[in-house]
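Biologist: Could you take me through this structure step by step, in words that a first-year student can follow?

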There are 2 protein chains.
Amino acid sequence: MPQVEVCLSPELLHLYSLDGKIAVVNDILRATSTMIAALDSGVKAVRPVVSIEDAETYLQHPNTLVAGERNGIKIPSFDLGNSPLEILNIKEQVAGQTLVMSTTNGTKAIDACREAGQVIIGAFTNLEATLQYLAKQEKDILVLCAGWKGRVNMEDSLYAGAIANGLHTTHTMGNDSALLTSQLYKAHKESLFAAVKASSHFERLANHGVEEDIKHCMRIGNSTLVAVLQDNLIIRQ
Amino acid sequence: MPQVEVCLSPELLHLYSLDGKIAVVNDILRATSTMIAALDSGVKAVRPVVSIEDAETYLQHPNTLVAGERNGIKIPSFDLGNSPLEILNIKEQVAGQTLVMSTTNGTKAIDACREAGQVIIGAFTNLEATLQYLAKQEKDILVLCAGWKGRVNMEDSLYAGAIANGLHTTHTMGNDSALLTSQLYKAHKESLFAAVKASSHFERLANHGVEEDIKHCMRIGNSTLVAVLQDNLIIRQ
């Protein structure tokens with residue numbers, strides 16, 4: 001049986017091999033949730049970009065919107081922040097566009113996984129679709145939590161646990177982080193929002209008035225799309 | 001209220017400040033459990049040493065025993081391995097001696113905390129005594145899990161959660177790792193050994209025939225001592 005490993009922070013990624021594995025990158029609050037919302041809204045592709053400067057070079061491109069934040073706050077020169085609900089509210093404007101994104105943690109975590117056999121971008125909003133896809137691949141999986149500036153966080157750990165737990169019939173637990181996040185998820189799966197309300201990131205983000213966004217991100221959604229990284233673009237699989 | 005933070009791996013320690021804090025270092029399987037067993041057996045002090053070579057310089061010292069392992073296996077030139085039960089079985093021989101110890105993860109983690117205001121060495125075997133001591137100090141606490149070669153492991157995460165959970169009336173949760181290990185501990189506190197049986201390290205160690213040692217390490221014991229690092233020696237507080 002293939003295995004599923006969990007890496008709780010990009011700072012621990014050097015301890016793992018990505019060779020031939022499927023990397024599942026998540027930054028639940030909110031980068032990867034925003035990416036899934038964008039693809040659900042008809043965006044053609046999401047281009048993750050590490051630096052603000054690189055993202056800004058796309059500002060005048062045709063059919064392109066630039067989105068992102070640092071420390072939870074929209075970058076002033078950008079078109080959009082890092083909010084799934086903001087995107088879902090302007091579906092008509094984003095459909096058919098390319099969304100360039102740069103965020104504090106998420107886009108760096110995606111960049112760190114480029115050596116993997118395949119890179120999948122995941123969120124709770126498309127959890128079931130991602131699980132169904134992964135279960136069929138018969139490949140080793142490494143779930144990378146973006147965390148907060150290297151620190152382990154609650155929401156990404158819960159997502160990693162949802163993946164590890166969801167694959168228990170097709171994959172073995174590859175490390176203790178898979179085992180412990182899986183148990184964490186089982187304890188909280190009926191109340192993901194409540195679990196995150198007690199966390200450090202919740203306070204940080206709630207200060208910016210994004211509680212509704214957090215509720216959206218912590219709900220297992222019914223998006224049927226699987227998001228893959230291909231030639232530096234995140235697209236529907 | 002002071003806070004309790006948890007650092008799940010020495011590889012994440014650079015993200016935290018140790019300044020003025022009490023660091024609680026644990027390597028449950030088995031270095032810090034062996035250290036507590038040694039102090040309980042009447043050892044005068046434990047000297048943690050990072051390298052095998054440094055430890056070997058103590059081999060002919062009077063009133064000194066040298067103990068330790070690499071990858072779970074006793075170092076051939078040393079007097080003892082890294083087993084709490086081995087020490088407890090030869091109490092008469094170790095009482096009054098200094099125990100020099102070098103292990104794969106634990107002694108390195110202790111070394112990494114030297115900048116802290118105070119360093120405490122903890123194990124499940126003296127959990128209650130350590131909690132009682134910490135609750136009275138009114139200091140910020142950082143629990144450092146030694147992990148396995150930088151990787152997060154189950155047994156050290158459970159211990160960190162036992163500390164975070166045990167201090168909930170005197171300390172606030174300082175980070176998400178404190179929160180999630182606390183929840184992990186609450187889910188498993190009645191069955192710590194069973195929780196570890198599913199982990200990666202269990203297989204690694206059980207291969208060396210030390211299941212009884214693991215049972216000892218995963219049992220909340222009644223040792224009443226608190227172990228502190230002072231001038232490079234671990235002694236009773």
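Modeller: We will go from the two chains to their contact, then to some helices, rings and single residues, keeping in mind that this is a predicted model.

Biologist: How is chain B laid on chain A, by what turn and with what RMSD?

Modeller: A turn of 180 degrees, with a shift of 0.0 Å along the axis, lays chain B on chain A with an RMSD of 0.0 Å. The two copies are thus related as by a two-fold rotation axis. In chain B, the C-alpha nearest that axis belongs to B:Leu184, and it lies 3.2 Å from the axis.

Biologist: And how many residues does each chain bring to the contact?

Modeller: Chain B gives 28 residues and chain A gives 27 residues. Between them the chains bury about 2,200 Å², and 60% of this is on carbon and sulfur atoms. On the side of chain B, the residues that lose the most area to chain A are B:Arg151, B:Asp176 and B:Leu180, which together account for 28% of what that side buries.

Biologist: Why do you say that the copies meet through the same surface?

Modeller: Because 96% of the interface residues of chain B are also interface residues in chain A, the copies meet through the same surface.

Biologist: Let's go to the helices. Which residues of H6 in chain B are buried?

Modeller: Helix H6 of chain B covers residues 127–137, and its buried residues are B:Leu127, B:Ala129, B:Thr130, B:Leu131, B:Tyr133 and B:Leu134. These buried residues pack against strands E2, E7 and E8 and against helices H7 and H8 of chain B. Just after this helix comes B:Glu138, which takes a positive phi of about 50 degrees.

Biologist: What about H7 in chain A, is it mostly covered or mostly open?

Modeller: H7 of chain A is mostly covered, since twelve of its 13 residues are buried; among them are A:Met154, A:Leu158, A:Tyr159 and A:Ile163. Its length can be checked as well: at 1.5 Å a residue, the 13 residues should span 18 Å, and the end C-alpha atoms are 18 Å apart, which agrees.

Biologist: You named a tyrosine there. Which ring does A:Tyr159 pair with?

Modeller: A pair of aromatic rings is described by the distance of the centres and the angle of the planes. The count over all chains is two aromatic pairs. In one of them, A:Phe124 and A:Tyr159 are edge-to-face, at 5.4 Å centre to centre and with 80 degrees between the planes. This pair links distant parts of the chain, for A:Phe124 is in the loop between strand E7 and helix H6 of chain A while A:Tyr159 is in helix H7, 35 residues apart. A:Phe124 is buried, with a relative accessible area of 0%, and A:Tyr159 counts as buried at 0% relative accessibility.

Biologist: And how do the rings of B:Phe124 and B:Tyr159 sit?

Modeller: Their centres are 5.4 Å apart and their planes are at 80 degrees, so the pair of B:Phe124 and B:Tyr159 is edge-to-face. Both B:Phe124 and B:Tyr159 are buried.

Biologist: How many residues are in the largest nonpolar core?

Modeller: In soluble globular proteins, nonpolar side chains tend to be buried together. Here the largest nonpolar core has 156 residues, and those with the most contacts inside it are A:Leu99, A:Phe124, A:Met218, B:Leu99, B:Phe124 and B:Met218. A second, separate core of eight residues includes A:Ala55, A:Leu59, A:Ile75 and A:Phe78.

Biologist: Now the backbone. Which peptide bond in chain A is cis, for example?

Modeller: Most residues other than glycine have a negative phi, and most peptide bonds are trans. The bond from A:Leu29 to A:Arg30 is cis, with omega near 0 degrees, and A:Arg30 is in the loop between E2 and helix H1 of chain A. In chain B, the bond from B:Leu29 to B:Arg30 is cis too, with omega near 5 degrees.

Biologist: What is the phi of A:Asn63?

Modeller: The phi of A:Asn63 is near 55 degrees, a positive value in a residue other than glycine. A:Asn63 is in the loop between helix H2 and strand E4 of chain A, and at 52% relative accessibility it counts as exposed. B:Asn63 also has a positive phi of about 55 degrees, and at 53% relative accessibility B:Asn63 counts as exposed.

Note on methods
Residues numbered from 1 in each chain as written. Chains lettered and ligands numbered in written order. Predicted model: local features only at pLDDT ≥ 70, side-chain atom pairs only at ≥ 80, totals over all residues. Heavy atoms only, no water. Least-squares fit on C-alpha atoms with pLDDT ≥ 70 in both. Contact = heavy atoms within 4.5 Å. Buried < 20%, exposed > 50% of the residue type's maximum accessible area, 1.4 Å probe, protein only. Helix = DSSP H or I, 4+ residues; strand = E, 2+ residues; numbered from the N terminus. Expected span 1.5 Å × (residues − 1). Phe/Tyr/Trp six-rings, centres within 6.5 Å; stacked < 30°, edge-to-face > 60°. Core = buried A, V, L, I, M, F, W, Y, C linked by side-chain atoms within 4.5 Å. Buried area = accessible area lost by both parts, 1.4 Å probe.
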